[in-house]
Amino acid sequence: MSQEHDQGLIAHLAKQGIDDKMVMGHPAGLFVLFFTEMWERFSYYGMRALLVIFLVSQVADGGWEWSRSEAMNLFGLYTMLVYFTPLLGGIIADRFTGFRKAIILGAIIMTLGHASMALEMVNANFFYIGLGLMILGNGMFKPNISSMVGQLYPDNSTKKDGGYTIFYMGINAGAFLGMLLCGYIGEKVGWHYGFGLAGVFMMFGGLQFYFAGKLFGIVGESPKEHKESVKKGVEEEDEQLPTNVVRDRLIVVVVLMFFSIFFFLSFEQAGGSMSIFALDYTQRILPGNAGTIFMWVDTLLTLFPLVIVTYVLWSLGKKIYSKYPTTIIFTAISFLIVWGLGLWKIGREFNAVETEVTASWFQILNSFFIITLASAFSKMWEKVWNPAGPIKFALGLILVGVGFAVLAFGAKDIPQGAQTASVSMIWLIAAYFFHTTGELCLSPVGLSYVSKLSPKKFVGLIFGAWFMASGIANGLAGFGGGLIDRIAEEHSLSYFFGIFAVMPAAAGLVLILISPILKKMMHGIH
């Protein structure tokens with residue numbers, strides 16, 4: 001839909017004082033947030049891809065040689081706290097700083113966290129200090145940037161779900177590049193280099209956002225600044241709703257939060273038990289033609305997302321460079337660096353004696369599939385089939401279950417209690433494909449519905465609660481993944497993955513049954 005035809009969106013932007021320039025039919029501000037979140041996810045997922053693998057690797061290889069259970073427990077605790085602190089960050093933004101200042105503060109704290117983790121070879125305490133700073137910084141950053149995306153659109157805009165899906169593509173472009181480059185450099189060059197690289201791009205993300213602040217009008221201002229803007233004539237859009245409507249919509253949000261736990265409990269095995277499966281049970285040394293084919297596939301995987309996000313940057317630059325040149329310059333510098341690293345990695349692999357797929361490489365598949373499929377899902381929701389949010393959620397839960405069913409089937413021939421095996425990588429690739437389709441049905445839709453259903457003055461707090469539910473799921477995922485050895489010894493590895501197939505699929509069926517009730521309680525929000 002063109003800018004001219006979407007009069008509701010144009011009127012909304014004017015009321016909020018937001019720059020009305022459009023990129024690909026969406027507000028230019030969406031793409032500034034796209035790149036800010038992209039570099040933050042680069043930093044988070046780049047570090048996460050290394051965490052468990054670093055902890056369980058041998059001391060001779062620079063790791064800490066922890067047991068799988070110990071590594072999974074730390075992973076679960078860290079990822080749980082990362083998603084708990086957004087509740088506090090949402091409250092601080094709603095009451096004191098506003099979204100924009102909270103995002104910038106979070107970016108600074110996370111940059112310092114990565115710098116500290118890069119010093120792990122000097123003293124182990126730097127590693128733990130870095131994790132703590134990452135937890136605090138993410139709490140300030142994560143809920144508030146998601147809130148800003150929602151406020152770019154009217155609640156009933158047909159473009160809102162599509163906007164969140166595009167934003168989600170930015171999340172996964174950053175995650176892809178972070179896992180690809182930080183994972184590769186960490187495993188092949190040095191762990192501390194991988195941890196440190198993640199912080200460089202977090203810094204660039206914060207800078208490009210800071211210099212585009214005026215583009216967002218009154219969106220994201222502190223409460224004090226917001227009141228002053230309203231007095232100057234910029235209108236505040238805050239629909240007054242009956243108490244029962246607000247209550248019912250919040251109940252729907254809570255129900256969706258509850259079911260999201262079942263999704264992320266399984267989905268977040270990607271950084272834990274699925275990484276262990278990749279490290280110890282998957283055939284990763286590829287001889288002869290198989291190695292050559294992989295190198296070319298990996299080259300295309302590296303270049304394709306870079307080309308896509310570079311095109312997005314070019315499209316944004318054409319629209320806003322004249323007014324916000326510093327934002328585009330900082331983003332362009334970061335792109336030059338990441339292009340250089342990508343080409344260096346490709347050249348290094350083609351000159352290697354043997355082709356060994358890094359264990360962290362498999363995690364990029366989720367983000368690659370997101371990047372390639374996000375646009376199709378966005379168009380499907382907008383033009384072809386747009387079921388109510390609970391149905392989309394249910395599909396996501398069922399599909400993540402299908403992914404683990406595929407992995408359970410692939411592991412069926414691994415002997416009970418085996419510590420190593422050499423299973424074809426096709427099973428992991430297929431599992432990540434189904435997990436990704438499930439994620440596209442649930443995660444960006446969840447962000448959109450939290451924005452639509454929440455009262456405006458509490459949206460930061462409720463986004464914080466949404467991420468806290470993900471934190472609970474991550475904690476449970478770490479605990480459950482830590483049982484991999486015990487369950488594999490008592491039953492089998494296939495049985496272990498089967499558990500994570502059944503739980504979300506069963507939850508999805510329950511959600512389908514109650515979806516008519518939830519749809520009614522949304523009171524017109526679709």
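**Entry 1: asparagine 73**

Partly exposed means a relative accessible area between the buried limit, under 20%, and the exposed limit, over 50%. I wrote that down before looking at asparagine 73, which has a relative accessible area of 40% and therefore counts as partly exposed. A reminder to myself: this is a predicted model.

Asparagine 73 sits in helix H3. I then asked which residues it touches, leaving aside neighbours within four places in sequence. I found Gly478 and Phe479. I also looked up how far asparagine 73 is from glycine 481: 408 residues apart in sequence, but 8.4 Å in space, C-alpha to C-alpha.

**Entry 2: two positive phi values**

Next I went looking at backbone angles. Most residues other than glycine have a negative phi. I noted two residues that go the other way.

Methionine 24 has a phi near 55°, a positive value, and it isn't a glycine. I found methionine 24 in the loop between strand E1 (22-23) and strand E2 (26-27). Its relative accessible area is 44%, so I put methionine 24 down as partly exposed.

Glutamate 65 also has a positive phi, about 55°, without being a glycine. I placed glutamate 65 in the loop between H2 and helix H3 (68-117). Is glutamate 65 buried or partly exposed? At 48% relative accessibility, it counts as partly exposed.

**Entry 3: the nonpolar core**

In soluble globular proteins, nonpolar side chains tend to be buried together. I looked up the largest nonpolar core here and got 169 residues. Which of them touch the most other members? Phe127 and Phe277 do. I also checked where the core comes from: H2 gives the largest share, 21 residues.

I then followed up phenylalanine 127. Not counting residues up to four places away in sequence, its contacts include Leu51, Phe54, Leu55, Trp64 and Phe195. I noticed that the list isn't just nonpolar names, since Ser116 and Glu120 are also among the residues phenylalanine 127 touches.

**Entry 4: the largest cavity**

How many cavities of 30 Å³ or more does the structure hold? I got 3. The largest cavity has about 280 Å³ of space, and 25 residues line it. Closest to its centre are Tyr45, Tyr83, Tyr168, Phe264 and Glu439.

I wanted to know which elements give two or more residues to this lining, and found helix H2 (28-56), helix H5 (160-188), helix H8 (243-267), H12, helix H14 (426-453) and helix H15 (459-481). H5 gives the most, with 5 residues. By class, I noted 13 nonpolar, 7 polar and 5 charged residues in the lining of the largest cavity.

**Entry 5: asparagine 366**

Glu439 came up in the cavity lining, and I met glutamate 439 again when I looked up asparagine 366. A polar contact of 2.9 Å joins the side chains of asparagine 366 and glutamate 439.

Asparagine 366 is in helix H12 (residues 364-384). Why does asparagine 366 count as buried? Its relative accessibility is 8%, and the cut-off for buried is under 20%. Apart from residues up to four places away in sequence, asparagine 366 touches Asn172, Phe267, Tyr432, Thr436 and Glu439.

**Entry 6: the second largest cavity**

I moved on to the second largest cavity, with about 80 Å³ of space. Among the residues lining the second largest cavity I listed Leu180, Tyr184, Lys188, Phe294, Asp298, Lys345 and Glu349. Val357, Thr358 and Trp361 are in the lining too.

Which elements give two or more residues to this lining? They are H5, helix H10 (288-320) and helix H11 (325-350). H5 gives the most to the second largest cavity, with 3 residues, and I had already noted H5 as giving the most to the largest cavity. The classes in the second lining come out as 5 nonpolar, 1 polar and 5 charged.

**Entry 7: isoleucine 487**

My last stop was isoleucine 487 in helix H16 (residues 484-490). With a relative accessible area of 14%, isoleucine 487 is buried. What does isoleucine 487 touch, not counting residues up to four places away in sequence? I found Ser492, Tyr495, Phe496 and Ile499.

I also looked up glycine 417, which is 70 residues from isoleucine 487 in sequence and 8.3 Å from it in space, C-alpha to C-alpha.

Definitions and conventions:
Residues are numbered from 1 along each chain as its sequence is written. Side-chain values use heavy atoms; hydrogens and water are left out. Helices (H or I, at least four residues) and strands (E, at least two) are DSSP runs, numbered from the N terminus. Buried means under 20% relative accessible area, exposed over 50%, partly exposed in between (1.4 Å probe, protein chains only). A polar contact is a pair of N or O atoms within 3.5 Å; within protein, one must be able to donate a hydrogen and the other to accept it, and residues adjacent in sequence count only if both atoms are side-chain atoms. Contact means heavy atoms within 4.5 Å. On a 1 Å grid over the protein atoms alone, a cavity is a set of points where a 1.4 Å probe fits but cannot get out, and a pocket is an open set with protein on both sides within 12 Å along at least five of seven lines; lining residues have an atom within 4 Å of a point. Grid points are joined across faces, edges and corners, and a volume is the space filled by probe spheres set on the points. Ala, Val, Leu, Ile, Met, Phe, Trp, Tyr, Cys and Pro count as nonpolar, Asp, Glu, Lys and Arg as charged, and the others, Gly among them, as polar. A nonpolar core is a set of buried Ala, Val, Leu, Ile, Met, Phe, Trp, Tyr and Cys residues joined through side-chain atoms within 4.5 Å.
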